Structures are given as C-alpha cells and as structure tokens.
Amino acid sequence: MSAILPRMLASKARPAMNMQRRTFLDWMVNYPDKINELKKVHQAGGRKTFTWQKQPTDKLTAGFAAFLVGVGTVQLVPGLYYLYTGTGKIE
C-alpha cells in the first residue's frame, strides 16, 4: 500500500501533456490493411498456378525477368565463343 500511494499522488500532480502531432507515424500506423484482399487472390485458383503468378502485375514482372535473362544469354554466348576460339580480341 505504501508503494502505491506515492505513485498515485505523483501521477495526479503532473500536468496533462499535450499529444504530439506525428503525421508521418500516424500515416504508417493507420495504413489501410490489404492482407485479406491479397489472401483471397493467393488462395484463388488452388495449386494450378504458382503463387508468384497470381497477382495482376506478376506476369509483367516475370516477362521482364525473362527478357533480362534472354538479353544476358544472347550476350554471353558470343563472348564464350570468342574466348574459346581466340577471335574478337582488341589489339
């Protein structure tokens, strides 16, 4: 009892503090929750399609990745050929 009484008196003696305005943090804390929408999208279709191909922009992203891999392969194959045959050197 004796330890509780000083805390109660100290809390009542303090003036009420004004709340700080933290608009950026409030925006982050109150950000709209889209988890249930994404969950429905990922559960739709069952196991027919891969998880990384179920959102609307996933096909575009996969196509861009395939394009980059193709460009890299097109540049790699002649380079390996030139290394193997010893041609294409800059002298």
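**Notebook: helices and exposure in a predicted chain**

I looked first at helix H3 (residues 35-43): the number of buried residues among its 9 is 0, so the helix lies largely in the open. I take buried as under 20% relative accessible area, exposed as over 50%, and partly exposed as in between (1.4 Å probe, protein chains only). Helices (H or I, at least four residues) and strands (E, at least two) are DSSP runs, numbered from the N terminus. The model is predicted: local features need pLDDT of at least 70, side-chain atom pairs count only at pLDDT 80 or more, and totals for chains, interfaces and linings use all residues. Residues are numbered from 1 along each chain as its sequence is written, and side-chain values use heavy atoms, with hydrogens and water left out.

**Entry: end of H3.** I located Gln-43 in helix H3 and noted that it counts as exposed, at 56% relative accessibility. From Gln-43 to Lys-54 I read 8.9 Å, C-alpha to C-alpha, across 11 residues of sequence. Gly-45 follows H3 and has a positive phi, near 90°.

**Entry: whole chain.** I found 4 helices and 0 strands in the protein chain, in the order α-α-α-α along the sequence. Of its 91 residues, 2% count as buried. The accessible surface (Shrake-Rupley method, 1.4 Å probe) comes to about 9400 Å², with 65% belonging to carbon and sulfur atoms.

**Entry: confidence.** The average pLDDT (the predictor's confidence in each residue, from 0 to 100) is 81, and 82% of the residues score at least 70. Among the elements, helix H1 (residues 4-13) has the lowest mean, 67, and helix H4 (residues 58-85) the highest, 94. Where pLDDT is low, the predicted coordinates should not be read in detail.

**Entry: nonpolar patch.** I listed Phe-24, Leu-25, Trp-27, Met-28 and Tyr-31 as the makers of a nonpolar surface patch of about 590 Å². Patch residues have over 30% relative accessible area and no salt bridge; like charges are joined within 9 Å, and nonpolar side chains (Val, Leu, Ile, Met, Phe, Trp, Tyr) within 5 Å. Phe-24 belongs to helix H2 (residues 23-29) and is exposed, at 55% relative accessible area.

**Entry: Asp-58.** I placed Asp-58 in helix H4. Asp-58 is buried yet has no salt bridge (a side-chain nitrogen of Lys or Arg within 4 Å of a carboxyl oxygen of Asp or Glu). Its nearest side chain of opposite charge, Lys-59, is 7.5 Å away. A polar atom of the Asp-58 side chain lies 2.8 Å from the backbone nitrogen of Gln-55.

Key
Lys, Arg positive; Asp, Glu negative; His and termini not counted. Polar contact = N/O pair within 3.5 Å; in protein donor to acceptor, adjacent residues only side chain to side chain.
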